[in-house]
Amino acid sequence: MRGNNRARQRVELFVTCVVDNIFPEVGVATYRILDALGFDVNFDSNQTCCGQPAFNSGYWDEARPIARRLLNQFDGSVPVILPSGSCTAMIRNYYTELFADDPVNRTRAARLAPKVYELTEFVEQNLSLDTDTTLFSKPYETATAIAFHEACHTKRELGVDSQPKSLLSMIKGAQLVDLEQAEVCCGFGGTFSVKYPNISGAMLADKLDKIEQSGAQTVTACDASCLMHIEGGLRKRGSAVRAAHVAELLAESIGED
């Protein structure tokens, strides 16, 4: 077990709706990474949604009980780790706005916010130069070219930019390739893709063109929702490019103790 010089600090894992219901392998990968770093990972199986879909659609009254439930589960005393930039941004940046007229829950939200982390920012902050430099040391059998899509919430609302790329660069046998307009939206945007399917589809087509032109064998991001959108488009095209969450790629490369 790496991180054995680190006390087994407890962290909470919030996997998000998309991971829980569609991509559970991303939650498992996140757990493996945190465990390999030496953290005591707790997962509350009763967790549900952060309330973002309702909030973004303007249904704030419906979002509040969901957000209160989350505040009841995570009291702000230990770090909460999410494999999702968008859900992290919702809790960290918008809960205080959601509870602007509720002083008690606004205070609780403000107390929790600094303890909520997107996975790669937490991992990058907690890598030990002494014990974790070879954490992602299991090499790919053949050289793998990886393109990184810079998801909107992760980059713009959290300011998480260099961290995932830095971690991906540690994977032996992997090469990060330049993705033109990596910072441009993939067109998913949650309900945006439902309300404006033609615009969403055109944005996705542009993103897929850039991915295929990059020569990447794998495209990755910090949000499973973006990757769900991108992977659907790739499969429809018959593309051989694999879509995989950053957590999956990092977990696959965890070396033996």
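**Close-up views of the predicted model**

**View A. Q181 lies in the loop between strand 6 and helix 10.** The coordinates shown here and in the other views come from a predicted model. Most residues other than glycine have a negative phi. Q181 is not a glycine, yet its phi is positive, at about 55°. The relative accessible area of Q181 is 39%, so this residue is classed as partly exposed. Strand 6, at one end of the loop, covers residues 174–177, and helix 10, at the other end, covers residues 192–195.

**View B. T16 sits in the loop between strand 1 and helix 1.** T16 also has a positive phi without being a glycine, here about 80°. Its relative accessibility is 4%, and T16 therefore counts as buried. The loop that holds T16 follows strand 1, residues 10–13, and leads to helix 1, residues 17–21.

**View C. Strands 2, 1, 3 and 4 make up an open sheet, in the order 2-1-3-4.** The 4 strands of this sheet pair in parallel. Strand 2 and strand 4 (116–118) are the edge strands, and each of them has a pairing partner on one side only. From one strand to the next, the twist averages 35°.

**View D. Strand 1 pairs with strand 2 and also with strand 3.** The pairing with strand 2, residues 40–42, is parallel and has 3 bridges. The pairing with strand 3, residues 80–82, is parallel as well and has 2 bridges. E12 has N42 of strand 2 as a bridge partner, and E12 also stands opposite V80 in strand 3. L13 stands opposite I81 in strand 3.

**View E. A further open sheet of 4 strands has the order 6-5-7-8.** Pairing in this sheet is parallel. Its edges are strand 6 (174–177) and strand 8 (242–245), which each pair on one side only. The twist from one strand to the next averages 35°. Strand 5, residues 144–148, runs parallel to strand 6 and is joined to it by 4 bridges. In this pairing, I146 stands opposite L176 of strand 6.

**View F. The largest pocket has a volume of about 580 Å³.** Its lining consists of 33 residues. Nearest the centre of the pocket are Q52, S86, F188, G189 and G190. By class, the lining residues are 17 nonpolar, 14 polar and 2 charged. Several helices contribute at least two residues each to this lining: helix 1 (17–21), helix 3 (52–56), helix 5 (85–98), helix 8 (152–157), helix 10 (192–195) and helix 12 (224–237).

**View G. The structure holds 1 cavity of 30 Å³ or more.** Rolling a probe the size of a water molecule over the atoms shows where empty space is left. The space in the largest cavity comes to about 40 Å³. Its lining is formed by F148, E150, A151, T154, K155, V160, D161 and C222. Sorted by class, the cavity lining has 4 nonpolar, 1 polar and 3 charged residues.

**View H. C49 and C17 are shown with their sulfur atoms, in a structure that holds 0 disulfides.** A disulfide is a covalent bond between the sulfur atoms of two cysteines. The cut-off applied to a pair of cysteine sulfur atoms is within 2.5 Å. For C49, the closest cysteine sulfur is that of C17, at 3.5 Å, which is too far for a bond. C49 counts as buried because its relative accessibility is 16%.

**View I. C152 and C185 are shown in the same manner.** The closest cysteine sulfur to that of C152 belongs to C185 and is 3.8 Å away, so this distance is too far for a bond. With a relative accessibility of 23%, C152 counts as partly exposed.

Terms used. Residues are numbered from 1 along each chain as its sequence is written. This is a predicted model: local features need pLDDT of at least 70, side-chain atom pairs count only at pLDDT 80 or more; totals for chains, interfaces and linings use all residues. Side-chain values use heavy atoms; hydrogens and water are left out. On a 1 Å grid over the protein atoms alone, a cavity is a set of points where a 1.4 Å probe fits but cannot get out, and a pocket is an open set with protein on both sides within 12 Å along at least five of seven lines; lining residues have an atom within 4 Å of a point. Grid points are joined across faces, edges and corners, and a volume is the space filled by probe spheres set on the points. Ala, Val, Leu, Ile, Met, Phe, Trp, Tyr, Cys and Pro count as nonpolar, Asp, Glu, Lys and Arg as charged, and the others, Gly among them, as polar. Two strands pair if DSSP finds at least two bridges between them. Axes are lines fitted to C-alpha atoms, for helices over the stretch in contact, and angles run from 0 to 180 degrees between N-to-C directions. Buried means under 20% relative accessible area, exposed over 50%, partly exposed in between (1.4 Å probe, protein chains only).
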